[in-house]
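User: Please take a close look at the site of the bound ligand in this model. I would like to know what surrounds it, and then how the neighbouring parts of the protein are built.

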Amino acid sequence: MKSLDELAKIRDSRRAALKIREGVPSATEKAHIMMCGGAGCISSKCTDIVEAMKECLAKNGIADQVQIILTGCMGPCDMGPVAIVYPDATFYRRLKVKDAEAIVEEHILKGNPVQRLLYRTPGAKEPTRCVHDIDLFKKQKKIVLRNNFYIDPTSIEDYIARDGYAALAKALTQMEPGEIIEEVKKSGLRGRGGAGFSTGMKWGFTAAAKGSPKYVVCNGDEGDPGAFMDRSVLEGDPHSIIEGMAICGRAIGSEQGYVYVRAEYPLAIERLSNAIDDARRYGLLGKNIFETGFNFDIEIRIGAGAFVCGEETALLTSIEGKRGEPRPRPPFPANAGVWGKPTVLNNVETWANIPEIILKGAEWFSTIGTEKSKGTKVFALAGRINNTGIVEVPMGTTLREIVFEIGGGIPRKKLFKAVQTGGPSGGCIPADYLDTPVDYDSLGALGAIMGSGGMIVMDEDTCMVDIAKFFIDFCVDESCGKCSPCRIGTKRMLEILERITTGNGKEGDIELLQELATTIKSTALCGLGQTAPNPVLSTIRYFRHEYEEHIKEHYCRSGVCEFKE
Amino acid sequence: MATCSCCCGEDELTKQLDKIIEPYRGQPGGLIQVLTKAQELIGYLPKWALISIAKGLGLSLQDVYGVVTFYAFFSLIPRGRHKISVCAGTACYVKGTKMVTKTLREVLGIKPGQTTPDSRFTLEVVRCIGACGLAPAMIIDGKDVHGRLEPEQIPQILEQYA
Ligand SMILES: Cc1cc2nc3c(=O)[nH]c(=O)nc-3n(C[C@H](O)[C@H](O)[C@H](O)COP(=O)(O)O)c2cc1C
Ligand code: FES
């Protein structure tokens, strides 16, 4: 593909073929069945259901009138396997192989949606058929996951039909590099990998930095243990990342990108590498893109299971094929990144926002969210919550809305105790603060962080001291060992927590933990150590009484810790 | 006479390993890619493979060894026919990883990191397999996710893997 006309032609013809997914009945096709192919649904054997559907379609002689597509994660993992049937956008959940026949013979052939497979809002008498009417989805706003209900992640044309690569075309033919950076700055987009730094400013620094070549890097390490948002983007809409990175390439004057993905995500690696191949074949990566003289290509680098490699300086050394040990900053990657050259490094979700910002404009984007946190945030809801899965909400949505309205609350009528955000670098937020709007600053004020989007819900059966121990144990395991505050300090903290949770805690242990925490935070080399004490500090802040009960009374109110007297 | 698959396979493995190394010859930056593929091929990273990789990419054996031991994903020792990875990510932990690991330890008689004497299973504990919605979860052979685990189901699940 060489010209904008060609892109428009592909878009229009493909869009016409996909009208059915926008609710327009087709003369030649009866239905498109979008089966969720996220990790959760795959593990509950959604591919067997697809096979059963295909058999049944063939038996009824309509195999050529129905398309079945395996999409990226649709979000409601707890209800899996789930599927959407177009044109009427019927949402089915908890499917089994034996349900394939009913869907084909009742719904597709006779037009009667299968009532027993529909979603029912808790407490409602009638089920809700259409996906667009279900509360759980209505409260969400999809920018990053804009395509997950609609496209086949293995089809570049599906992506193009949804205006894919139009933002790249615009950036290459209608915008100067400086204008692109200005637009991203104006949008207010902040990094979704945890720290929340202004993306536009980061690009500006790298564009201004001396040295060449320059590099564009995507952080797909997703190290927070309890989070799978980035995976759902990589698997469900890989082209959105490729497009975002290419736009940045143009803005900062770079011709080479790297995506760093963890080895534990083989499907994400496969989907992304196929997407890169397709983009090359369509001339959207490679030399002289849209005949503008702009060259850009992307390579995948595989992470091999070290949490610290999600930290930017460690990741950059790991890309070079070395031990992923962090180094002090400055110099920042903007000046000295991969192979010592100026580098922009952003998180997967940050990248997926870029095409929409360029296409619809900074003004549109900045109407969504709060004053200082614009746009949406994707969260992975898990733990003691009914609707586990992936959700995307505007910044400023309250924790209560996320946990109780979208997340459906706590199972088995148990009492909510806390929600943990930010993984091993974050903190626990107790019930008193459920009405806090979720944005970078208000979570920070509570001693938690936005983090990359893991949100783990805890109920009365979760012991907060045990959870603190869990996170510190994780950091001890993952400390790269380069600096002693982190290597030795976290180990000491773990020993104290082990003591407390087995009934050997001593008077003064809480203060000792706090003291160690403060020292580690101020002296560790990288973000891992600097943030490792956070889960302990935040549980002491809000659940000090639980620590005291463990120490003084050898009592664990959640019944988790076993005290050997 | 029955041929022994391990040693007679080595020639073939060497050839295939060379193929993996080829595109990265002389490029130390490709080390992690090559190691990942080599481990996929052989199942672990034996010394002979590390030596070929070091030579091929132009690195010292020490450099290669340093990288292999840094990343949890790589193994220097042979593993069982089936790899059980129990998730100890936050979501799974909150929902009962401890119980799952305890049951597995009892049923298999080994600790995480070990392989059963009959080389059938290797048990390991990993962080988040991305199936948090199905917590507590484990993944067998890197592809079969078993979620919402109850201790009673575990023996049955293991039976499916000979
Ligand atoms: C210990 C540690 C682990 C991290 N892990 C990740 C990660 O898995 N994914 C990620 O995007 N950022 C991670 N980060 C943040 C990165 O260092 C970096 O700030 C981020 O990728 C920048 O992208 P953004 O500006 O788009 O957020 C981690 C930071 C630390 C200190
Ligand atoms: S925490 Fe176990 S799958 Fe994510």
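Analyst: The answer below starts at the ligand site and then moves to other parts of the two chains. The model is predicted.

Ligand 1 sits in the second largest pocket. Its shell consists of 18 residues, and the closest are A:Gly193, A:Lys202, A:Gly223, A:Asn347 and A:Thr350. Two elements of chain A, strand β9 (343-347) and helix α21 (527-531), each supply at least two residues of this shell. The largest share, three residues, comes from β9(A).

Backbone atoms of the protein come within a few ångströms of polar atoms of the ligand in the following cases. A backbone N or O atom of A:Gly223 lies 2.8 Å from an oxygen atom of ligand 1. For A:Glu312, a backbone N or O atom is 3.0 Å from an oxygen atom of ligand 1. With A:Gly310 the partner on ligand 1 is a nitrogen atom, and the distance from a backbone N or O atom is 3.3 Å. Taken alone, ligand 1 exposes 620 Å², and the protein buries 90% of that.

A:Lys202, one of the closest residues to the ligand, also has a backbone oxygen that is reached by the side chain of A:Thr206 at 2.9 Å. A:Thr206 lies in helix α9 (residues 199-208) of chain A. Its relative accessibility is 0%, so A:Thr206 counts as buried, the limit being under 20%. Leaving out residues up to four places away in sequence, A:Thr206 touches A:Lys214, A:Ile252, A:Ala334, A:Pro342, A:Thr343 and A:Val344. Strand β9 of chain A covers residues 343-347, and A:Thr343 and A:Val344 are among the residues that A:Thr206 touches.

Helix α7 of chain A (residues 166-173) can be read in terms of burial too. Six of its eight residues are buried, so this helix is largely enclosed by the rest of the structure. The buried residues are A:Ala166, A:Ala167, A:Leu168, A:Ala169, A:Ala171 and A:Leu172. They pack against the helices α1 (4-17), α8 (177-187), α11 (238-252) and α14 (348-360) of chain A, and also against the strands β7 (286-289) and β8 (294-303). Among these partners, α14 spans 348-360, and A:Thr350 is listed with the closest residues to ligand 1.

A second buried threonine of chain A is A:Thr71, in strand β2 (residues 66-71). At 0% relative accessibility it counts as buried. Beyond residues up to four places away in sequence, A:Thr71 touches A:Met34, A:Met35, A:Cys36, A:Gly37 and A:Gly38, together with A:Asn148, A:Ile151 and A:Pro153.

Some backbone geometry in chain A deserves a check. A cis peptide bond joins A:Gly80 and A:Pro81, with omega about -5°. A:Pro81 lies in the loop between β2 and β3 (83-86) of chain A. A:Arg94 is not a glycine, yet its phi is positive, about 45°. It is found in the loop between β4 (90-92) and α4 (99-110) of chain A. A:Arg94 is partly exposed, with a relative accessible area of 41%.

Chain B has corresponding entries. The peptide bond from B:Ala135 to B:Pro136 is cis, with omega near -10°, and B:Pro136 lies in the loop between β2 (121-126) and β3 (138-140) of chain B. B:Ser119, a residue other than glycine, has a positive phi near 60°. This serine is found in the loop between α6 (97-108) and β2 of chain B. At 36% relative accessibility, B:Ser119 counts as partly exposed.

As for chain B in general, it has seven helices and four strands, which follow the pattern α-α-α-α-β-α-α-β-β-β-α along the sequence. Its C-alpha trace spans about 50 × 45 × 20 Å along the principal axes. Of its 162 residues, 48% count as buried. Among contacts in chain B with a separation of 6 or more, residues 24 or more positions apart account for 57%. Chain B exposes about 7900 Å², and carbon and sulfur atoms supply 54% of that area.

Note on methods: Residues are numbered from 1 along each chain as its sequence is written. Chains are lettered from A and ligands numbered from 1 in the order in which they are written. This is a predicted model: local features need pLDDT of at least 70, side-chain atom pairs count only at pLDDT 80 or more; totals for chains, interfaces and linings use all residues. Side-chain values use heavy atoms; hydrogens and water are left out. Buried means under 20% relative accessible area, exposed over 50%, partly exposed in between (1.4 Å probe, protein chains only). Contact means heavy atoms within 4.5 Å. A residue is near a molecule or strand if one of its heavy atoms lies within 4 Å of it. A polar contact is a pair of N or O atoms within 3.5 Å; within protein, one must be able to donate a hydrogen and the other to accept it, and residues adjacent in sequence count only if both atoms are side-chain atoms. Accessible areas come from the Shrake-Rupley method with a 1.4 Å probe; for residues, only the protein chains shown count as cover. On a 1 Å grid over the protein atoms alone, a cavity is a set of points where a 1.4 Å probe fits but cannot get out, and a pocket is an open set with protein on both sides within 12 Å along at least five of seven lines; lining residues have an atom within 4 Å of a point. A molecule sits in a cavity or pocket if more than half of its atoms lie within 2 Å of its grid points.
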